[in-house]
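Me: I would like to go through this structure label by label, asking each time what justifies the word that is used. Please set each value against its cut-off before you conclude.

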2 protein chains.
Amino acid sequence: MKPDAATVVSAPAAGPAGLGDEILAKARRTMAESGLDVLVAMSPENLAYISGAAPPSQRTVRSRHAAAVVPQDGATEVITVALEAPLVQSQSRLDSVTAYEEFVEDPIEVIASSLNERGLADARVGIETTYLSVADHETLTRALPRARLRPIDELLSTMRMVKTRSEIEAIRAIGAAADRIATECVAQVHAGDTERDLANLITERYLEAGGDQFTMLVVGSGPRSAHPNAPATSRTMEPGDVVRLDLIGTSRHYYSDVARTAIVGEPAGEPARIYDLLMSVHERLLAALRPGASSSAVFAIYADAMTEAGLPAYHFVGHGLGVTLHEEPFISAATAVELQEDMVLCIEPLTMLADRFGVQIEDEILITADGCEPFTRAGGLLTIPA
Amino acid sequence: MKPDAATVVSAPAAGPAGLGDEILAKARRTMAESGLDVLVAMSPENLAYISGAAPPSQRTVRSRHAAAVVPQDGATEVITVALEAPLVQSQSRLDSVTAYEEFVEDPIEVIASSLNERGLADARVGIETTYLSVADHETLTRALPRARLRPIDELLSTMRMVKTRSEIEAIRAIGAAADRIATECVAQVHAGDTERDLANLITERYLEAGGDQFTMLVVGSGPRSAHPNAPATSRTMEPGDVVRLDLIGTSRHYYSDVARTAIVGEPAGEPARIYDLLMSVHERLLAALRPGASSSAVFAIYADAMTEAGLPAYHFVGHGLGVTLHEEPFISAATAVELQEDMVLCIEPLTMLADRFGVQIEDEILITADGCEPFTRAGGLLTIPA
């Protein structure tokens, strides 16, 4: 745990074909097309995407930088803080793990040394300019004065937009589990139970199903169902309450994002009418999904239906899903992306009536050669026994 | 939820004296000393510190930037994404909340517009260069070509190192709760229960006690007690196992960080001997804490004791605690900070015997005028009934 200097912890056995190989091959094709000699991925999402590693305290202690280094030719490497190197070693699909000592070594200088030692001091180096801070960029420029630093943010975003086979299976597995868990747990609580009772039940099942953790678990009842991103509280669920759930978490770094709406007691009145309306919009949205469809045209189906019904619309109705919760393509008025085969999208028609209730349906969908295939599938309004 | 342009949502009533007033007054004194006209805080920790607001998806969806704008003269403002503006409004202590529309407006340009409208286009603007990305820095520079952008990272870090009265009470309250919860929950599980059973119990109590959530809850039993930052798994706790707990979470943005070690069955053998040794080191560490003490001299007490005992030492034995988990001052060999009154520190002697077990004691301590005052206090090795 206290190496005197950056240390190669060990080299793993060559991994089996699968997720890692698919992504590395794709990364190197993309690098070749873009004229990059080496790629340095430092954001938690791109580190996980490229290497399979997620040092647990990277997000909490921001100075504990980590990086995946992928040269066009030669061995790949993860650089991480020494205290988490054994865990990163067990997660990483890359050739080696290099550990640096916190407080003693600057991780940016350790990255620069790695490139220098590889003979890449004057190389074309891809960096994430929407993640790397100004201060770290200065350190890197000072340590590699001849390197040609180039932004790779869009390149990585575009690469990640279309999923590989193994990614599709990873997202499908945890998404389908989230769908099943939401339905089952709603049937196991009753009027008088709290939002937190329901959240605890869902959390337990999600971990049992292979979830790493919830990034954001929404359980909002009554007027709180109209709050975006509302965590569970001690509020008790009462007859007539709308309860909105959104299961946002990860399994092996891939996100689930499935939202369901329930009512306490028998479905009736305005919430039931709005739910049925959203469900019919949802069906029309799914019917429009296919390669070549434009994201803004899909959004218009939702926006127009909400305008016609006199209900408030959200500013998007879908988004890509992968190692981040929200990624390209966004299904919004402001974006016009052509859908492609093997994109994985969340489609989520919703309406929030402030101080009253919110209704949301969110399913995960794979774009196929001639249409789409849902990983999850909302049915009618769920009910919690009164 | 769909403003056509950046919109002032509303201005809150003037807040009562307390946390917000203390911090704003301190920020403006610091700005005056440093010759800054306006401060723009964008990292989640400094946004929360300055404004009291924490937009829930800021960490998950990185492009949803938020900022606290504090001019030396004039009204203060939080800028946040429209969909979370109502929540931010309910949290913020600043004068107004400005919402921007995702996909349509660039939050960096909204910040620049705010400064322009305030007549601060050529001002000395404090920014966080260890947080602001290269790409966003370019946007800001383009939008405010005459502004003099200056790094305020160290200035904010130094400001936050010494806590105000209200901060001390906030940290004390959730820290004391974490201490009590760890002790009580350990007494309620038994051999044969899983790490996750214990974690679920702790999580429930932590939320009841006013915790927002756990950022990282460590429950590692047997050999897993030696893994740093190990989340709970389905491993059952067996007689003789060491179980290491670390309760890392927040309440109203302030962290708790309390670690305890338990054994399943009667304390005996090497774990008990090592625990007693660490406890005696812990007492000597606490006795050394006072204004003027050097952090590296305090670290030497721990490092020397571990060397003498032939046990592996960690690379630090303490750190500041506040709106981040790890902040200045660090108690390590590599740092030499003089302790000051009203710093809040975690002191955490630990030793990790890889593949065998790990033992850790971590308490939260306030530096007082003539020594220190523990917020939490470890006793003997905790026991889980066999």
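Me: Which helix holds E45(B), and what makes this residue count as buried or exposed?

Reply: In this predicted model, E45(B) belongs to helix α2 of chain B, which covers residues 44-51. Its relative accessible area is 11%, and because buried means under 20%, E45(B) is classed as buried.

Me: With which residues is E45(B) in contact, once its neighbours within four places in sequence are left aside?

Reply: Those residues are R62(A), R160(B), V323(B) and T324(B), where contact means heavy atoms within 4.5 Å.

Me: Why is the pair E195(A) and R224(A) called a salt bridge?

Reply: The side chains of E195(A) and R224(A) come to 2.7 Å, taken from N to O, and since the rule asks for a side-chain nitrogen of Lys or Arg within 4 Å of a carboxyl oxygen of Asp or Glu, the pair qualifies as a salt bridge. This pair connects distant parts of the chain, with E195(A) in helix α8 of chain A and R224(A) in the loop between β8 and β9 of chain A, 29 residues apart.

Me: How do you know whether E195(A) is buried or exposed, and what is the case for R224(A)?

Reply: E195(A) has a relative accessible area of 0% and R224(A) one of 15%; the cut-off for buried is under 20%, so E195(A) is buried and R224(A) counts as buried.

Me: What makes E195(B) and R224(B) a salt bridge in chain B, and why is the pair said to tie parts together?

Reply: The closest N and O atoms of E195(B) and R224(B) are 2.7 Å apart, which satisfies the limit of within 4 Å. E195(B) sits in helix α8 of chain B, while R224(B) is found in the loop between β8 (213-221) and β9 (242-251) of that chain, so the pair ties together parts 29 residues apart in sequence. Both E195(B) and R224(B) are buried.

Me: Why is R205(B) with E184(B) also given as a salt bridge, and how are R205(B) and E184(B) classed by accessibility?

Reply: Here the closest N and O atoms are 3.9 Å apart, and because the criterion is within 4 Å, R205(B) and E184(B) form a salt bridge. R205(B) lies in helix α8 (residues 195-208) of chain B and E184(B) in helix α7 (residues 165-186) of chain B, 21 residues apart. The relative accessible area is 24% for R205(B) and 34% for E184(B); partly exposed is the class between under 20% and over 50%, so R205(B) is partly exposed, and so is E184(B).

Me: How many salt bridges does the rule give over all chains, and which residues are linked in a network?

Reply: The count comes to 36 over all chains, and R160(A), K163(A) and E327(A) are linked in a network of salt bridges.

Me: What is the strand order of the open sheet of 4 strands in chain A, and why are β8 and β18 said to stand at its edges?

Reply: The order is β8-β9-β10-β18, with mixed pairing. β8 (213-221) and β18 (382-384) of chain A each have a single partner strand, so one side of each is left without a neighbour in the sheet.

Me: How do you know that β10(A) pairs with β9(A) and with β18(A)?

Reply: Two strands pair if at least two bridges are found between them. β9(A) and β10(A) run antiparallel and are joined by 10 bridges, whereas β10(A), residues 254-264, pairs with β18(A) in the parallel sense over 3 bridges; both pairings therefore meet the criterion. Among the bridge partners, V243(A) has A262(A) in β10(A), and I263(A) has T383(A) in β18(A).

Me: Why is β10(A) described as largely enclosed?

Reply: Of its 11 residues, 11 are buried, so β10(A) is largely enclosed by the rest of the structure. Y254(A), S256(A), V258(A), R260(A), A262(A) and V264(A) point one way, and Y255(A), D257(A), A259(A), T261(A) and I263(A) point the other way.

Notes: Residues numbered from 1 in each chain as written. Chains lettered and ligands numbered in written order. Predicted model: local features only at pLDDT ≥ 70, side-chain atom pairs only at ≥ 80, totals over all residues. Heavy atoms only, no water. Helix = DSSP H or I, 4+ residues; strand = E, 2+ residues; numbered from the N terminus. Buried < 20%, exposed > 50% of the residue type's maximum accessible area, 1.4 Å probe, protein only.
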